[in-house]
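Please load the model in the viewer and keep the selection panel at hand. The stops below are to be visited in the order given.

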Amino acid sequence: MAFFDDVKKFGRNITDKGKDVIEITKLNSQINSEKDKIKDFYVKIGEEVYKAYATGQTSNYDEICGQIKQVEDTINELTAKVLELKNAAKCPNCGAEVAKETTFCSKCGTKVNE
Ligand SMILES: [Zn+2]
């Protein structure tokens with residue numbers, strides 16, 4: 001009977017291991033989603049620090065904020081190039097993309113061209 005007991009034990013171990021693998025996967029996915037929450041908080045902290053920097057407050061993070069400002073400038077330059085290629089401009093009031101030949105913004109009605 002020892003043989004059959006061993007077979008049973010072996011079979012159960014495989015099932016348990018399978019359950020463990022599923023449980024580990026579930027737990028790891030929960031851990032990752034909790035880590036994502038922390039990242040979101042880090043982003044919030046960063047945004048608050050940068051907002052303060054943008055309004056002229058100094059902090060220990062001025063150097064990093066300066067780097068963010070440089071990246072923002074680059075994004076603005078690239079966005080301007082894209083708008084130029086699309087023959088479009090940004091509405092000075094709402095920021096919506098408007099065709100250059102348009103007189104009024106289709107979103108807010110602001111006069112964008114003479
Ligand atoms: Zn507008």
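Select lysine 107 and display the C-beta atoms around it: 13 others lie within 10 Å, so lysine 107 ranks as partly exposed in this predicted model. Buried status would have required 20 or more such neighbours, and exposed status 12 or fewer. Lysine 107 belongs to the segment that follows strand S2 (97-99).

Which residues does lysine 107 touch, leaving aside those up to four places away in sequence? Add Cys91, Cys94 and Ala96 to the selection, since these are its contacts. Next, draw a distance from lysine 107 to isoleucine 45: the two are 62 residues apart along the chain, and their C-alpha atoms are separated by 33 Å.

Now move to helix H2, residues 62-85, and pick alanine 80 within it. Is alanine 80 buried or exposed? It counts as exposed, because 12 C-beta neighbours are found inside 10 Å. A C-alpha to C-alpha distance from alanine 80 to asparagine 93 gives 16 Å, for a sequence separation of 13 residues.

Widen the selection to the whole of H2. The helix comprises 24 residues and spans 35 Å from its first C-alpha to its last, close to the 34 Å expected at 1.5 Å a residue. The number of buried residues among these 24 is zero, so H2 lies largely in the open. Just beyond the end of H2, select asparagine 87 and inspect its backbone: phi is positive there, at about 55 degrees.

Then zoom out to the protein chain, coloured by secondary structure. Two helices and two strands are present, and their order along the sequence is α-α-β-β. The radius of gyration is 29 Å, well over the 13 Å that the globule rule gives for 114 residues, so the chain is more spread out than a compact globule. Along the principal axes, the C-alpha atoms fill a box of roughly 95 × 40 × 25 Å. Of the 114 residues, 3% count as buried. Among contacts with a separation of 6 or more, 0% join residues 24 or more positions apart.

Finally, recolour by pLDDT. The chain averages 91, and 94% of the residues score at least 70. Confidence is lowest in helix H1 (residues 2-54), with a mean of 89, and highest in H2, with 96. Where pLDDT is low, the predicted coordinates should not be read in detail.

Conventions. Residues numbered from 1 in each chain as written. Predicted model: local features only at pLDDT ≥ 70, side-chain atom pairs only at ≥ 80, totals over all residues. Helix = DSSP H or I, 4+ residues; strand = E, 2+ residues; numbered from the N terminus. Rg over C-alpha atoms; globule rule 2.2 N^0.38 Å. Contact = placed C-beta atoms within 7 Å. pLDDT = per-residue confidence, 0-100. Expected span 1.5 Å × (residues − 1).
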